[in-house]
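User: Hello! I am new to this structure and would like to learn how to read it. Could you take me through it step by step?

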Amino acid sequence: MAFQKAVKGTILAGGGALATVLGLSHFAHYKRKQVNLAFVEAADCVSEPVNREPPSREAQILTLKNTSEFDVLVIGGGATGCGCALDAVTRGLKTALVERDDFSSGTSSRSTKLIHGGVRYLQKAIMKLDIEQYRMVKEALHERANLLEIAPHLSAPLPIMLPIYKWWQLPYYWIGIKLYDLVAGSNCLKSSYVLSKSRALEHFPMLQKDKLVGAIVYYDGQHNDARMNLAIALTAARYGAATANYMEVVSLLKKTDPQTGKKRVSGARCKDVLTGEEFDVRANCVINATGPFTDTVRKMDDKDTTAICQPSAGVHIVMPGYYSPESMGLLDPATSDGRVIFFLPWQKMTIAGTTDTPTDVTHHPIPSEEDINFILNEVRNYLSCDVEVRRGDVLAAWSGIRPLVTDPKSADTKSISRNHVVDISESGLITIAGGKWTTYRSMAEDTINAAVKAHNLKAGPSRTVGLFLQGGKDWSPTLYIRLVQDYGLESEVAQHLAATYGDKAFEVAKMASVTGKRWPIVGVRLVSEFPYIEAEVKYGIKEYACTAVDMISRRTRLAFLNVQAAEEALPRIVELMGRELNWDDSKKEEELETARKFLYYEMGYKSRSEQLTDRSEISLLPSDIDRYKKRFHKFDADQKGFITIVDVQRVLESINVQMDENTLHEILNEVDLNKNGQVELNEFLQLMSAIQKGRVSGSRLAILMKTAEENLDRRVPIPVDRSCGGL
């Protein structure tokens, strides 16, 4: 085994240069795929999955009902809970998992999308000689390498730039980053390096130039968090775990231990959220892996137990892709409140975050305008003044609750544990809390180890190191080419399918509808600017999607990328899901309403729409007001004081532009603040004022009216004396 690790370290350390020469962005995954020496021992111990495809949700519920007793029942379908289920079932334990909402519906889908060891934690470990933090970083770096290995389609190494604006910081940060590489050892993705000022601006041209000394670039991993969580759940289901989303634990079951006479947790009373049906699921061991809701389940066991969860809200925003280079992230190590902020390319967009503020536990965390503006102000600090950072460019925003915990067995109960905590109550309930996304697998391993010991379960050691997650085993960097050639998909769509479903992408392609065009032959998009296709909706139902929210937020990531695009796709998604799940009209309307509320409150649509309200102030120069009034009156030819669809159609026809009525309704509705079917002059001036302030961007009406005005001005008749005397 030591020889295998040494060989793996040589390959990982030496492959970076070759990857650079070849220009293969996914070479790091491809080379690991060729040589799995470090992981052979673990992977070979696991038999093949018992199911080629995950059983349906209905079949899983029948298993939950009809099994007399499971070895392990996991409560919680986030990364840690699904990791526990996968670890348990691959050890041969009879395993069940229930989740009250959807897999990854909580914190696990609302992360920074990084797979990282924690540069900041290493800095604290060194400065404070904190061995606990050092071990946490060491563990996370090992888990980072493993996660990149087992899900190559969903993850990739990402270079992250640390800009330096003071000369003394260069050696300070350089030593810290090099220590990060050193701690990673054989798991180092690629060595960090220093860039001069000119080279830094070449890689990140939108960076603030003034006083820039240079930059340091280091590597961490990035992934599609919700899809990664789902891959863990689907893999557990394929290996035989009975997994069910929308299955709420109403209460814990207990029985008296004949040897000690004490009450022991022996299962849970579960309720199918979709049907209301309740039934008991019995298990030798129950694991509480509910993240921010840790104390809710602990109090089901013992209502007098001391709370250990100290929730903290982290807000992220999504901006257009042009705010960052396509393959280079940025780290701001010194924000105004002392917290690190990342600025990262993701899914061809840009993510910025995160904040860190105390919060109450809720199923529906909402990003605040204060947090959004804090992130925007920090972004302005390190982007060039040539780049106008506009509030209107925030396409989506979300809040995730970090379940920070105190160790209930610690003498100092006030100190927050930076690592995960495994706690066993007097009645045998096992709680796993804290930790972070990157270490979900080791957290699961520790939890099942504790369960095996505490409940005398017959199981061997963990077998999940090197165990491929669904879609990863036969993935390759060129898989998308076969999708293009075999099915006639657009290259962008094929790349998206390969990066989302891995070797299962062919199953989605088989479901794709014929477009009726010369090219692409198949693959009708849900919205024009994103590569999601209608076939993914049908396939998403096979992946346990039960609601429209599941589809727009976790099976696809539309809600996290652009709330307006997600809302635009909703009617078609509901129609397709309704056809597959036999929804009646009232159910379809309910799904539409629920999904729109989700976008409005949880994905930042409310904050976005409030940038233009009927209470917005008009702060324009007199010359601007005159200019915009003239533009408005080109449409309001009758001087009514407002414009309607008829007015817009008339102007468009005069410049030979055609647009369907439904689209025009949508365009006017964005600006029609009092929703009376017309846009008044005051509403138009409010819009233009908001655009000037950067609170609103991409207004279709504003751009349409400006374009129409310019075209009308070009159509002024040419005098006869300027046309060579022609008639």
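Analyst: Gladly! Of the 727 residues in the protein chain, 56% count as buried, where buried means under 20% relative accessible area, exposed over 50%, and partly exposed in between, with a 1.4 Å probe and protein chains only. The model is predicted, so local features need pLDDT of at least 70 and side-chain atom pairs count only at pLDDT 80 or more, while totals for chains, interfaces and linings use all residues. Residues are numbered from 1 along each chain as its sequence is written, and side-chain values use heavy atoms, leaving out hydrogens and water.

User: How many helices and strands are there in the protein chain?

Analyst: Helices (H or I, at least four residues) and strands (E, at least two) are DSSP runs, numbered from the N terminus. Here the protein chain has 27 helices and 20 strands.

User: Is Phe70 buried or exposed?

Analyst: Phe70 is buried, because its relative accessible area is 2%. This residue sits in strand β1, residues 70-75. A contact means heavy atoms within 4.5 Å. Leaving aside residues up to four places away in sequence, Phe70 touches ten residues' worth of company, including Leu64, Lys94, Ala242 and Val281. The C-alpha atoms of Phe70 and Ala241 are 9.9 Å apart, although 171 residues separate them along the chain.

User: Which residues of helix α18 are buried?

Analyst: In α18 (residues 548-555), eight of its eight residues are buried: Ala548, Val549, Asp550, Met551, Ile552, Ser553, Arg554 and Arg555. Their cover includes α10 (225-238), α15 (491-501) and α20 (563-581).

User: How many cavities of 30 Å³ or more does the structure hold?

Analyst: Rolling a probe the size of a water molecule over the atoms shows where empty space is left. On a 1 Å grid over the protein atoms alone, a cavity is a set of points where a 1.4 Å probe fits but cannot get out, and lining residues have an atom within 4 Å of a point. Grid points are joined across faces, edges and corners, and a volume is the space filled by probe spheres set on the points. The structure holds four cavities of 30 Å³ or more, and the largest has a volume of about 80 Å³.

User: Which residues lie nearest the centre of the largest cavity?

Analyst: Of its 13 lining residues, Arg227, Gln470, Thr500, Tyr501 and Glu543 lie nearest the centre. Helix α10 gives the most to this lining, with four residues.

Notes. 1 Å grid on protein atoms, 1.4 Å probe; cavity = no way out; pocket = protein on both sides within 12 Å on 5 of 7 lines; lining within 4 Å.
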